[in-house]
Amino acid sequence: MYNMILQILFLFIPFLILFAMGIEVYFKNPPSTLNRLSMLLLFSLSLFFLGGFWAKTLPIASGLYVTMYVKYISAFVTMTLGLYLYSLVSKIRIKPLFRHLICLVPSIGIIPILTNPPEAIVLSTQSVFWRSEQLDFYMVIMIMGIAGYNFLMLFLFLWIGNRQRRDKNWSQKEYLRMHRIKRGLVLSLLWAAFWAVFSLFKNSFGPETLFRVLPYEIMPAYCILIWAYYIRSAMIHYDFLASPNRRFEVLFSLSRQGIALVNDLGFAVEINDSFRKSLGISNTIPEEGIDLISLIPEEEQQMIKELYKEKFGTMTPIHMEQKINTFVHETKIVEIDTAYLEIDDQIFCYLVTRDITTTKNAEAKLQKLAYEDNLTGLGNRLHFIENLEQALQNSNLEDQQTAVIMIDLDQFKWINDTLGHSAGDFLLQHVAGQIRESMPSSAVVSRLGGDEFAITVPVSYSEEAIRYANELLSSLQQPVHIFGKPYTVTASIGISIAPEHGRTIEALYSSADTAMYAAKQAGRNQYYSYTPNLKAMAERNLTIVNGLSTALAKNEFTLYYQPQIDTRTNRIVGLEALIRWNSPELGFVSPAQFIPIAEDTGMIKSMGDWVLNAAFKQTKQLVDEGYADILVSVNLSAHQLREPLFAERIAELLQQHDLSPRNVCLEITERTAIFDSKKSLEICRALVELGVSLSIDDFGTGFSSLSMLNRFPFTYIKIDRSLIQDIAMNVNEAKVVQTIIELADRLGMKVIAEGVETEQQLFLLCKLGCHEVQGYLRGRPMPTEQLKVFLADDKH
């Protein structure tokens, strides 16, 4: 019984330990070749002890077979696997054939075992507590030779790997893993050497003492346990971030994004080089112990600390943008994403950062340009639309009314024309300041363009909006000094209230605009609140509506074309198709009057179809007459961009008229696309795939946002005439135009300037690098017959 306890203690338990180590290493990273090889090595080591256990517990005759076929064969297999493992860990550069020849040498020892009977190789005798084994002399010599070769090659692999590690750009973890395996090899050799020497003195102990009866022939073999422990430790503790394979280690070390492993308190455990560089962390500062929360601005630290604690506790991923202060006292904005990893039964936050400071600064500048009026500092038209949309949503939730107040200055044109544009600009800035001072902080004030302003303000009742209008009129009547002389400016104001006068942006804007024009027509310097029977122009609008309903059938529409001139060659490169209406009842009706009505009534769809068909037909005629490179632009309406099959309709028209898509450019404004930008974007992309060019029209009116340039596949940017008319006299306007041209060049787009009417404007636009111009200076809109003469003259 005592013998069996010793066998279990010294042999069977080591087998279980080694076997468990092998399983642990494998499941730490199953896809890893190193982990699989380590598992096989540990299993082989465990068989050495299991064979020893069976050899000492079975009958002597059976034990001899177990000794040779299990214990010693596993020993040679272990040495072979060890060489393979060390050659891979050390990452030495060696051809596969040579690697196999070197590593398979220990397996030669299996040959004599398989070719000789066990009793010819080993002799087993029973002592008081142990069964001793005595190997054949030649077998001992072979084992010692192979073992010596094995240890020599192991150290040689490690030595070569250590010399090559700098050239091969090893990671810190790879180096520590190899160093730990080397330490285990040295300690195991010291153990074996100690017991080999100690066994020489065993006869000096009493026959019945423990030191006399210890199994000295296997005590050196316990170096296996030390070696196995260090192999297991290297594969467990220095496995790269618990990653599936080497690819993630390369990602960590070479990624341009900052990556950090963070504990539950917000302290870094490990960081990569990109993280160091982005935060300005010196290489002398150890990566462990960096308090990442301390990098956040002090006023936000407590909030972020609580957020991190909450998310870490529930292992909820974080995606956020955060301002931080770096180690070199720079302020940066970083995009943060997190995930969570379990390493050695401890949870860590895997944090990835991306420096977006430059992008955010650029966005802020673009945002200012996109949403702010350059002259007054107020919001522009797009700013007004988005704030009104938000106000309508809030009013629906809070059951509150929203007032839209439209303001148009009465004397602005006279002052601007008489005193000059600088005086006009000063007046607009002054009025903007007066409006801001007169309105409550809850109001959003915008300049829509020219001398037109709009206000969105929450009100409890309609009379409150009227009170604001009276305060504005009183404030504006105070004289403003221009060039040392006092001038009084008045305003016409229109008011609409949501939801009484509409629940949409278009309805409220139209109602307030109608009321404003009614106030202007009624004598100016007053306000009008919208009522259904208010419009002074109602009868004319009704006549327009009635006339539009039959205009197509009566063939009252025609197309005019305005030339677009290349500033470098001074030749016509394009035409814009413009619809004109000659009504028998109203005469020539301005498109500014009948197109908005057509859009409101839905007639714009049939009108737009007619324009496309006529423009394509006439363009084909021009191409056939020798103008093969002419590009004809056609304006699209919001209704057309809402048609799901609009791109297919364009394809049919191109095929119907046998017209190449390179001769067609379709123009849209952001106002056209803004109310369903996702659908509009899909249609625009489909149009570009057909080969048709796209242009963003009226750029700079306030509706145009630079955000659209990133999203929509435009080829051309058309700068609105409002930015061109004062370009020669207003430095700010010139800078805005220059910025747009430079932006277009960077985005690979061309710029067309609309409304060019003077040589001075043309000269400055050419100097700024504008690609094409369009305006009365180089050609008014003209019918087809006149256009052909114009094109013929340009050809010569």
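Select β9 and strand β10 (residues 452–459) in this predicted model: the two strands pair in the antiparallel sense over five bridges. Within this pairing, display R447 and look across to β10, where its bridge partner is F453.

**The sheet around β9 and β10**

Extend the selection to the sheet to which these strands belong. Five strands form this open sheet, in the order β9-β10-β8-β13-β14, with mixed pairing. The edges are held by β9 (444–449) and β14 (526–529); each has a single partner strand, so one side of each is left without a neighbour in the sheet. From one strand to the next, the twist averages 20°.

**Two helices on the sheet**

Next, select helix α17 (residues 421–438). It lies across β8 (401–409), β9 and β10, and runs at about 5° to β10. Then add helix α18 (residues 462–476), which packs on the sheet and touches β8, β10, β13 (491–498) and β14. The direction of α18 makes about 165° with that of β13.

Remain with α18 and trace its C-alpha atoms. The helix has 15 residues and reaches 22 Å from its first C-alpha to its last, close to the 21 Å expected at 1.5 Å a residue. Which residues of α18 are buried? They are E464, A465, Y468, A469, L472, L473, S475 and L476. A general point helps in reading this list: an α-helix has 3.6 residues a turn, so residues three or four places apart point the same way. The cover over the buried residues of α18 includes β8, α17, β10, β13 and β14.

**The nonpolar cores**

Move now to L548 and L666. Of the 77 residues in the largest nonpolar core, these two touch the most other members. Helix α22 (residues 604–624) contributes the largest share of this core, nine residues. To inspect the surroundings of L548, show F557, W581, F594, I597, A598, M603 and M607; L548 touches each of these, residues up to four places away in sequence not being counted.

A second, separate core has 42 residues, among them F53, C103, F157 and Y222. Centre the view on C103: with 0% relative accessibility, this residue counts as buried.

**Cysteines**

Does the cysteine C766 lie buried, exposed or in between? C766 is partly exposed, with a relative accessible area of 35%. A search of the whole structure finds zero disulfides. C766 is accordingly in no disulfide, and the nearest cysteine sulfur, that of C770, is 7.6 Å away.

**A serine in helix α2**

Select S46, which is placed in helix α2 (residues 33–57). At 1% relative accessibility, S46 counts as buried. Show F15, L18 and F19 together with S46: the serine touches these three, leaving aside residues up to four places away in sequence.

**The parallel strands β21, β22 and β23**

For the last stop, select strand β21 (residues 716–719) and strand β22 (residues 750–753). They run parallel and are joined by four bridges. In this pair, K718 stands opposite I752 in β22. Finally, add strand β23 (residues 772–773), which pairs with β22 in the parallel sense over two bridges. Here A753 stands opposite V773 in β23.

Methods
Residues are numbered from 1 along each chain as its sequence is written. This is a predicted model: local features need pLDDT of at least 70, side-chain atom pairs count only at pLDDT 80 or more; totals for chains, interfaces and linings use all residues. Side-chain values use heavy atoms; hydrogens and water are left out. Two strands pair if DSSP finds at least two bridges between them. Axes are lines fitted to C-alpha atoms, for helices over the stretch in contact, and angles run from 0 to 180 degrees between N-to-C directions. Contact means heavy atoms within 4.5 Å. A disulfide is a pair of cysteine sulfur atoms within 2.5 Å. Buried means under 20% relative accessible area, exposed over 50%, partly exposed in between (1.4 Å probe, protein chains only). A nonpolar core is a set of buried Ala, Val, Leu, Ile, Met, Phe, Trp, Tyr and Cys residues joined through side-chain atoms within 4.5 Å. The expected span of a helix is 1.5 Å times one less than its number of residues.
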